[in-house]
Amino acid sequence: MRKVTTENYSKSKRLKNQIKAVVTNPYNLIVLVAIILLAYLILLPLLDMITTSFTLSAKDARRIHGDVGQFTLYYWQRLLASNLSKSLLYIPLRNSLLIACCVSFFAILLGSVLAWLMVRTDLPFKGFFSTAVIIPYMIPSWCKSQAWITMFKNERIGGAMGFVQGVTGWAPPDWLAYGPIAIVIVLTLHYYAYAYLLVSAALNSINSELEEMGGVLGAGKATILRRITFPLVLPAMLSAVILTFSKSIGTFGVINFLGSKVNFSTLSSMLYSNSKSQNTQMAFAMAIIMIAIASITVFVNQQLIGKRKSYATIGGKGGRSTPISLGKHKPIITGILLIFFAVGVIMPLVILVAETFMLQEGNWSLSNMTLYYWIGDGSKKDIMEGLPGIFRNPSFLNALKNSLVLTFTTAIFGTIFGQTAGYICAKGRGKVHGGIVEQLVFIPYLVPSIAFGAIYLSMFSVSHGPIPSLYGTFALVVLVSVVKHLPFASRSGTSNMLQISGELEEAATIEGAGFFKRFISIVFPLAKGGFISGFMLIFVSIMKELDLIILIITPKTATLPYLAFQYQNGNSTQASNAVAVVMFSIVFLVYALANIFGDADLAKSMGG
Amino acid sequence: MSKIELKHIDKYYGKNHILKDINLTIEDGDFMTLLGPSGCGKTTTLRVVSGLEKPQNGFIYMNGKEIVNAAEAHFEPPAARGLNLVFQSYALWPHMTVYENVAFGLKIKKTPKDEIDRRVASALDRMQIGQYAQRYPTELSGGQQQRVAIARAIVSEPSLLLFDEPLSNLDAKLRVDMRSELKRLHKETGSTIIYVTHDQIEALTMSTKIAIFFEGVLVQVAPPLELYNNPADLRVADFIGNPRINFIDGKGKLDGKDLVVKTVDGETFRFASENLVEGFRPSGEFDAVIGVRPEQVTIHRTRKHDTDVAAKVYTVMPAGSETIVDVMVGKTRITIKELGITHYEHDDIVYLELNPQKMNVFDKASKKLVKYAVVD
């Protein structure tokens, strides 16, 4: 009999075996590379941003008689406690919070009510409504603000009549056409889709027997809704609140379109203008404040939800679902919804499209209709300074090409990184490396888009070790887009990978399949659907992205949203609208393809 | 042809001590069943043997060759251990046909194509699913999927086959059919089998040996009938057997060399010294528990022997081939299994014939068996 004790082993053999086990397993290498990359692309920029906000720049060194690069509290003092603070920080901050709170409240209210009607009641035309309800989600928010302006602008500020004034002769007042009310309405009509998707997913997972049990015990419909249904979907609603809140804080396009003309500024628009005018340090200090707000929101949300996160799954799926009868209110509710979609969704789109055919803005007569902005030859020197219609315009064609290249490259890289990170998160559940990757990929979620762009702009404008200066390059736009979309890409990757039972891989291990063989023969074929839908979702999200890349883009690398933004700012509304129409035609097309060929799940695509 | 030795195996998940110093030898050709309630560590033991889990302590030898040496961090990869595993969920790859599923391992080993075809066909035929070779797993019933999983495991003719609760997802009738097929598979292939289950009927009917686990501790290893007749302690006795064993509390002490137990209900039983566990020397009186299997009690409507115990019928549950009768002796309820259909009314007075030879006695304090049952 062999003598077995724990003493008679060789320490060197143990070490050798341990090292061999780590090094020969490609999974470990992939995890290592992923962690290093994530730290470099996410942690480093954050640290860089914090230190920059405490470092004196050359521009200000002369003014306050300091040395370039020395530690300074100048920027923070200027931002937080100087006579400029009010206009630099406090008023924009108040505006940001006001907008975010109002939008969160109304968007969650609207989205939840719609979700409840759609999932739990006997509402008619559900097929139509369920499509209509997510259309706003596919149209970028800045497109909606363009539509809003087209509807409500007046001659005083807008320069030309909007649809309302053109048709009725009544000039909408400034407070309706521009400013906070317009912003809140437009953002609400955009972000309610999040609440709708999250809450309807939660409602779908509730077994209606839970509600019926309430009925058996004698509770009325209102009591059931208040005491049973509502608490069960509360966690989903709170998630929607933080998503909406942090997105509204970071939004810039809408603020610029609807706020700039009445001097309504928020943190994001202040950040933009400071960054544009090379006040990088100030911009970063603002970005830090925005990140802090987003982090606090997430923290509060986690405290509030706590263990209740898993509520929705307790009832389990597959339970019967008996719709609740709307009774005599059915026609009224249906009517209200139809009007809502007609006015809130369809009409702005129609008007937006219609305006691209109007030679002169605000002139709604038939003789004013033209295809000039689409295919004009540039012969009219008084229109757009003699620029031809967009299909003959090299800068449009360049932007179209850029947009397509950007979306394809970003979607490919984003999907690969996202799914890989998701694989690590799924396999590393409950382990240290899984936790690290999960935390790292979540960070970009906390950084508002515009701030994210600002950080990357400053960090990669200079060469960093082996990486050359990326300023003005397409690579930088791709990089920032990929990293910013990692939280969503990796979340969809995680849920994709979690669906593949670990035993399927283990069965292949037993048969002698190594890591790569397993990945190619087992994991990838099974995850293919998720790869494709992940790809489509990033594609769509990048196609309409403006806030994130607005600071980074140069004329050479301009994309469609950026071109629309420029045209709008240059008072070429029709051309801007035409660009927007092209862009969301592509979005619709890709979406339709994704729905036909893949099982693209909107709820996973919170990339926005 | 495999002999497996596990020595001092410890496995932790984080701070949870899942396997506690497991020592188990599985002889070549054994059908060893790892049995125990859920969470007892039996599946973990199987996964440690397979190489899917690495224990923190201990050694595993396969035919004398070291395949695990935790102290030196030496873990032979699963594929190098010459074994195969049937998962509880079957783990069939849904994107591959039955043929591709079964052929996967052979392809990895770069087996020639015609050899693969021959061996896959033979494995599928053995499991009687040859006609489904080109179907996908989702197009098969649960029982058929199970057969594919087994075919995939045996196609490489492993010397050691591992089964992780393979029958738990089948319906009751299929389960009984598969049991006899697995037993036959074991005879035909001659491979060593380690089989995990929480179903004691599976364990008792199929195995050559059973290892019973509780809370990460290996409590007893014995052939099925020995485990049934002489469980090592109270927990094992309670776990094995359906209907459950009857326990009767009492006070025991040695009378000469014999053991005498007086039950709480006043009956006295005398147990011959030759059936006592070696080295059992209680000092004075101790708390004892008598264990008696339901089928070892005979019911009479009238008193046949002086030693018969009077009892009152509590419930009668006829099940066709047998009848389960619960009776009360004083405050103790005794379950009796009678063959065929018998009729009693509630509260009938009956007489129980109890044979001390066929009873177990346990020490209540240590929970250990102190007196063997001798069953013919």
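How many helices and strands are there in chain B? Select chain B and colour by secondary structure: you should find eight helices and 22 strands. Keep in mind as you go that this is a predicted model.

**Chain B as a whole**

Stay with chain B for a moment. Along the principal axes, its C-alpha atoms fill a box of roughly 75 × 50 × 35 Å. The chain has 376 residues, and 43% of them count as buried. Now think about contacts between residues with a separation of 6 or more: in chain B, 64% of these come from residues 24 or more positions apart.

**Stop 1: the start of chain B**

Select residues 4-13 of chain B, which are strand S1, and then residues 16-26, which are strand S2. The two pair in the antiparallel sense over seven bridges. For a landmark on this pairing, show Ile9(B), which stands opposite Ile22(B) in S2(B). Next, go to the turn: the hairpin of S1(B) and S2(B) has two residues between the strands, and Gly14(B) takes a positive phi near 60 degrees there.

S1(B) has another partner to look at. Add residues 57-62 of chain B, strand S4, which runs antiparallel to S1(B) and is joined to it by five bridges. Here the pair to click on is Glu5(B) with its bridge partner Tyr61(B).

**Stop 2: two backbone oddities**

Jump to the loop between strand S8 (160-164) and helix H5 (172-189) of chain B, where you will find Glu165(B). Its phi is near 40 degrees, a positive value in a residue other than glycine. Is Glu165(B) buried or exposed? Glu165(B) counts as buried because it has 21 C-beta neighbours inside 10 Å, and the cut-off for buried is 20 or more.

Next, pick out Asn242(B) and Pro243(B): the peptide bond from the one to the other is cis, with omega near 0 degrees. Pro243(B) is in the loop between helix H8 (234-239) and strand S12 (246-255) of chain B.

**Stop 3: a five-stranded sheet**

Now select strands S16 to S20 of chain B. In what order do the five strands form their sheet? Reading across, the order is S16-S20-S17-S18-S19, the sheet is open, and the pairing is antiparallel. At the edges are strand S16 (297-300) and strand S19 (332-339) of chain B, each pairing on one side only. Look across the sheet and compare neighbouring strands: on average they are turned by 45 degrees against each other, direction ignored. If you switch on hydrogen bonds, recall that strands of a sheet pair through backbone hydrogen bonds.

Zoom in on the S16 edge. Four bridges join S16(B) to strand S20 (residues 349-354) of chain B, and the two run antiparallel. One place to look is Ile299(B), whose bridge partner in S20(B) is Leu352(B).

Then move to strand S17 (residues 309-318) of chain B and select Val313(B). With 18 other C-beta atoms within 10 Å, Val313(B) is partly exposed. Leaving aside neighbours within four places in sequence, its contacts include Val325(B), Val327(B), Tyr344(B), Asp347(B) and Val350(B). Draw a distance from Val313(B) back to His8(B): the two are 305 residues apart along the chain, and their C-alpha atoms are separated by 50 Å.

One of those contacts, Asp347(B), deserves its own click. Asp347(B) is in the loop between S19 and S20 of chain B, and has a positive phi of about 70 degrees although it is not a glycine. Asp347(B) counts as exposed because it has 9 C-beta neighbours inside 10 Å, where the cut-off for exposed is 12 or fewer.

**Stop 4: where the chains meet**

Bring chain A into view. Here 23 residues of chain A are in contact with 25 residues of chain B. On the chain A side, the elements giving two or more residues are helix H1 (11-23), helix H26 (502-510) and helix H27 (515-543). H26(A) gives the most, with six residues. Colour this side by class and you get ten nonpolar, seven polar and six charged residues.

**Last stop: confidence in chain A**

Finally, colour chain A by pLDDT. The average is 82, and 93% of the residues score at least 70. Residues 1-6 of chain A stay under 50, with five contacts beyond four places in sequence. Residues 309-318 of chain A are also below 50, yet this stretch has 16 contacts beyond near neighbours in sequence. Where pLDDT is low, the predicted coordinates should not be read in detail.

Terms used
Residues numbered from 1 in each chain as written. Chains lettered and ligands numbered in written order. Predicted model: local features only at pLDDT ≥ 70, side-chain atom pairs only at ≥ 80, totals over all residues. Pairing = 2+ DSSP bridges. Axes fitted to C-alpha atoms, helices over the stretch in contact; angles between N-to-C directions. Contact = placed C-beta atoms within 7 Å. Nonpolar A, V, L, I, M, F, W, Y, C, P; charged D, E, K, R; others polar. pLDDT = per-residue confidence, 0-100.
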